[in-house]
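Q: Could you take me slowly through one part of this structure, keeping to what can be read from the model itself? I would like a close look at a group of neighbouring strands and at the pocket.

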Amino acid sequence: MVTSQGTASVSFPFPSVWGIHSSIAGRTIIWGTLTINSIIDNRVVGTVNFRGRPIPINGFWNESTKQIAFDSPYATFSGNLTIIDDQQSRIRHFILQGRFLMKPPSLQAGESGSWIATTDIALNQFPVSGNAYTGQLPPVGAFLTSNFLHQHQNFWGRTI
């Protein structure tokens with residue numbers, strides 16, 4: 001089962017909030033949250049928040065290849081979705097990871113790096129047939145961004 005809105009079917013829940021981490025040359029440059037508000041007809045709309053202020057993003061989702069691409073005013077992001085089911089803890093991990101390119105007016109315009117964003121839900125909340133990878137461990141970045149996301153959500157005593 002997938003989330004549907006418009007004519008698009010999507011392998012992950014939305015609206016959703018993700019912990020996001022980005023690095024250049026293996027050095028962490030920033031942590032934050034990625035919010036995907038909607039995906040209608042393969043168009044992604046949301047925000048990315050690295051410094052306490054949500055910045056709009058717009059982009060595209062390709063369900064058949066599980067690829068996402070979106071732009072903010074400061075960077076272009078592209079990546080792939082991986083879904084990992086942890087049967088023991090009954091958690092489904094959604095992992096977006098890929099590359100980004102900084103663009104003007106950023107002071108780092110022209111530099112590129114990698115990013116990873118994660119969110120998770122109870123395994124029984126969002127069944128996906130044929131797309132989940134059971135028994136695999138998520139990459140370390142999935143745990144780090146997941147921890148960041150949950151700390152950020154609990155910081156104010158509420159979910160953002």
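A: What follows goes from the strands to the pocket, then to a loop, and ends with the confidence of the model.

This is a predicted model, and a good place to begin is strand E5, which covers residues 43–49 and pairs with strand E4, residues 27–40, in the antiparallel sense over seven bridges. The two strands E4 and E5 form a hairpin with two residues between them, and in that turn Asp41 has a positive phi of about 50°. On the other pairing of E5, six bridges join it to strand E6, residues 55–62, and these two strands also run antiparallel. E5 and E6 likewise form a hairpin, here with five residues between them, and Gly52 in the turn has a positive phi of about 90°.

Val45 is a useful residue for seeing how E5 is placed, since it can be followed in both pairings: Ser38 stands opposite Val45 in E5, while in E6 the bridge partner of Val45 is Asn58. When you look along these strands, it helps to remember that in a regular strand the side chains alternate between the two faces of the sheet.

From the strands we can turn to the largest pocket, which holds about 410 Å³ of space. It is lined by 17 residues, and the closest of them to its centre are Ile30, Phe50, Arg51, Tyr74 and Met102. The elements that give two or more residues to this lining are E4, strand E8 (75–86) and E9. By kind, the lining residues of the largest pocket divide into 11 nonpolar, four polar and two charged.

Tyr74 also gives a way to reach the loop, because Leu107 lies 9.2 Å from Tyr74 in space, C-alpha to C-alpha, although the two are 33 residues apart in sequence. Leu107 is found in the loop between strand E9 (91–102) and strand E10 (112–122). Is Leu107 buried or exposed? Leu107 counts as exposed because its relative accessibility is 88%, and the cut-off for exposed is over 50%.

Finally, the confidence of the prediction deserves some care: the chain averages a pLDDT of 80, and 72% of the residues score at least 70. Over residues 4–8 the pLDDT stays under 50, and for this stretch the model has 14 contacts beyond four places in sequence. Over residues 152–160 the pLDDT also stays under 50, with eight contacts beyond four places in sequence. Where pLDDT is low, the predicted coordinates should not be read in detail.

Key. Residues numbered from 1 in each chain as written. Heavy atoms only, no water. Helix = DSSP H or I, 4+ residues; strand = E, 2+ residues; numbered from the N terminus. Buried < 20%, exposed > 50% of the residue type's maximum accessible area, 1.4 Å probe, protein only. Pairing = 2+ DSSP bridges. 1 Å grid on protein atoms, 1.4 Å probe; cavity = no way out; pocket = protein on both sides within 12 Å on 5 of 7 lines; lining within 4 Å. Points joined across faces, edges and corners; volume = space filled by probe spheres on them. Nonpolar A, V, L, I, M, F, W, Y, C, P; charged D, E, K, R; others polar. pLDDT = per-residue confidence, 0-100. Contact = heavy atoms within 4.5 Å.
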